[in-house]
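Work through the exercises below with the sequence and the model open. Try each task before reading its solution.

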Amino acid sequence: MYSLQLLFRASHATLLLLFCLLLRTSKAQEDTRKVMIMDVSMPQVTRANEEVTVKLVARTELRECMVIKAYLIGSTSIDGPFNYKFTGCLCDDYPRTFYWDFQTNNTMVIAAVVDVVRELNICPNNKAVMPIEANRFHVLKTLYVN
């Protein structure tokens with residue numbers, strides 16, 4: 001009861017300071033950076049044997065760079081450029097864009113996958129980080145063939 005009485009006697013400046021500290025603490029806990037942001041662009045519908053382009057833009061909000069390996073996985077097997085794997089250095093100020101051109105006769109589910117890997121001579125001065133939570137990220141898309 002005595003502490004409650006002291007609270008009511010506190011000056012306005014003290015209450016304002018306490019309120020600001022509470023707001024600052026809660027905002028700091030919510031401020032998290034995303035390890036991987038993936039944007040995949042591709043048509044939803046195509047014709048049989050028509051060339052399809054899949055575009056993947058990978059970004060990060062981390063301050064440190066990461067070595068990434070990007071590739072596609074399909075629900076049906078396809079030979080050629082669909083199987084290309086790209087390796088690059090991903091930094092917050094330099095998003096990476098990857099392209100795959102291929103043809104298919106079947107409707108399929110495509111997974112655009114980005115792995116964070118440990119590989120030398122990709123990032124400047126071999127300075128790169130490995131995330132603790134996960135090192136594989138993916139986005140699923142469906143390509144319908146008429």
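Buried means under 20% relative accessible area, exposed means over 50%, and partly exposed lies in between (1.4 Å probe, protein chains only). The model is predicted, so local features need pLDDT of at least 70, side-chain atom pairs count only at pLDDT 80 or more, and totals for chains, interfaces and linings use all residues. Residues are numbered from 1 along each chain as its sequence is written, and side-chain values use heavy atoms, with hydrogens and water left out.

**Exercise 1. Lay out the sheet and find its edge strands.**

Step 1. Set the terms. Strands (E, at least two residues) are DSSP runs, numbered from the N terminus. Two strands pair if DSSP finds at least two bridges between them.

Step 2. Write down the order. Five strands form an open sheet, arranged β2-β8-β7-β4-β5. The pairing is mixed.

Step 3. Take the ends. β2 (45-46) and β5 (86-90) are the edge strands, each pairing on one side only.

Step 4. Check one pair. β4 (residues 66-74) and β5 run antiparallel, joined by five bridges. Methionine 66 stands opposite leucine 90 in β5.

**Exercise 2. Count the salt bridges, then place each in the chain.**

Step 1. Apply the rule. A salt bridge is a side-chain nitrogen of Lys or Arg within 4 Å of a carboxyl oxygen of Asp or Glu. The count is three.

Step 2. Take arginine 59 and aspartate 39. Their closest N and O atoms are 3.6 Å apart. Arginine 59 sits in strand β3 (residues 51-59) and aspartate 39 in strand β1 (residues 37-41); the pair links distant parts of the chain, 20 residues apart.

Step 3. Take lysine 69 and glutamate 119. Their side chains meet at 3.7 Å, N to O. Lysine 69 is in strand β4, while glutamate 119 is in the loop between β7 (108-117) and β8 (136-145), 50 residues apart.

Step 4. Take arginine 136 and aspartate 115. Here the closest N and O atoms are 2.7 Å apart. Arginine 136 lies in β8 and aspartate 115 in β7, so this pair ties together parts 21 residues apart in sequence.

**Exercise 3. Classify the salt-bridge residues as buried, partly exposed or exposed.**

Step 1. Arginine 59, at 33% relative accessibility, is partly exposed. Aspartate 39 is partly exposed at 35%.

Step 2. Lysine 69 has 22% and counts as partly exposed. Glutamate 119 has 34% and is also partly exposed.

Step 3. Arginine 136 is exposed, with a relative accessible area of 52%. Its partner, aspartate 115, is buried at 9%.

Key. Helix = DSSP H or I, 4+ residues; strand = E, 2+ residues; numbered from the N terminus.
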